[in-house]
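This report examines one helix and the nonpolar core of a protein model. The sequence and structure are shown first.

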Amino acid sequence: MAQLTLQDIKPHHDNQFTLVTRGLAQNRNRVFAVNLVKTAHDKTDAIVAAVRKKPEGQFDCKPGCSYCCSYRVEALPPEIFLIAAELRKRPAAELEATTARLREHAVRAKGLRPEHHNLPCPLLVDSKCSVYESRPFGCRRLNSLDVEACKAELPPPENEELNLKAAAMFNGTVEGYLKRQLPSYPHELGQALLEALEDPGLEERWFKGEQVFDFLPDMDEMLSANTPILVGAPPHL
Ligand code: SF4
């Protein structure tokens, strides 16, 4: 594959940044602000689909394969509220079972840096994602060109075009929310989702600009590295 240039990547950032900032300026309501993150999900899916059509986009990822669901999953506040809303629509028994798994997970995951986080995602049920349609950006963009590396818990080779374009687009999303004073930093999905389910008022507080979830233990390092925040990326990136 030819080397990607800035011109290949920058439009993904700029278009999404414009979409988010304009959208939030024109529709200042909480439900809109939460659902706006779906534009980033749709764009990620489109980038993945386009790359998969290329010879170098023949991923080893298959339905039922869930090796990558033991990485630390990171998600932005609107992604967390989106999943919480989806779970609240589920039958009471299912919501109760999910909440119980989240509680157990939250105790084990608290304070873990990515290199020490080797816990199955509490939303993984029978090797399938129980919130597949609403899964966050980090899960949507993950790809592996060698499942044997995943099995061995080694960093798998990945498609660079997908990673760079998706990261640029997602950074445009993050910056767009921040520009409109909506906190938009990544949080550990399991712990934050439990809080969102237990306190429905968090969404309104976030919409008023409050930082409602705990920062990741390594957040300072992520910011000071001054590199694109690859939300949900495996530890080697
Ligand atoms: S949210 Fe779904 S896809 Fe993402 S890690 Fe959890 S189970 Fe896997």
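The sections below describe a predicted model, beginning with a single helix and then turning to the core.

## Length of helix α5

Helix α5 comprises the 18 residues from 92 to 109. At 1.5 Å a residue, a helix of this length should span 26 Å, and the C-alpha atoms at its two ends lie 25 Å apart, so the expected and computed values agree.

## Two sides of helix α5

Which residues of α5 are buried? They are T98, L102, H105 and A109. Because these residues cover an arc of only 65 degrees around the axis, they fall on the same side of α5. The other side of the helix carries the exposed residues A92, A93, E96, A100 and V107.

The buried residues of α5 pack against three elements: α4 (77-88), β4 (187-188) and α9 (189-198). Just after α5 comes G111, whose phi is positive, at about 80 degrees.

## The largest nonpolar core

The largest nonpolar core contains 46 residues. Within this core, the residues that touch the most other members are I80, I83, A84, F170, A192, L193 and A196. Two or more residues are contributed by each of several elements, among them α1 (6-26), α3 (37-52), α4 and α9. Helix α8 (160-179) is also one of these elements, and its eight residues form the largest share of the core.

A closer view is offered by A196. When its neighbours within four places in sequence are left aside, A196 is in contact with I80, F81, A84 and L202.

Key: Residues numbered from 1 in each chain as written. Predicted model: local features only at pLDDT ≥ 70, side-chain atom pairs only at ≥ 80, totals over all residues. Helix = DSSP H or I, 4+ residues; strand = E, 2+ residues; numbered from the N terminus. Expected span 1.5 Å × (residues − 1). Buried ≥ 20, exposed ≤ 12 C-beta atoms within 10 Å, placed from the backbone. Arc of directions from axis to C-beta. Contact = placed C-beta atoms within 7 Å. Core = buried A, V, L, I, M, F, W, Y, C linked by C-beta atoms within 7 Å.
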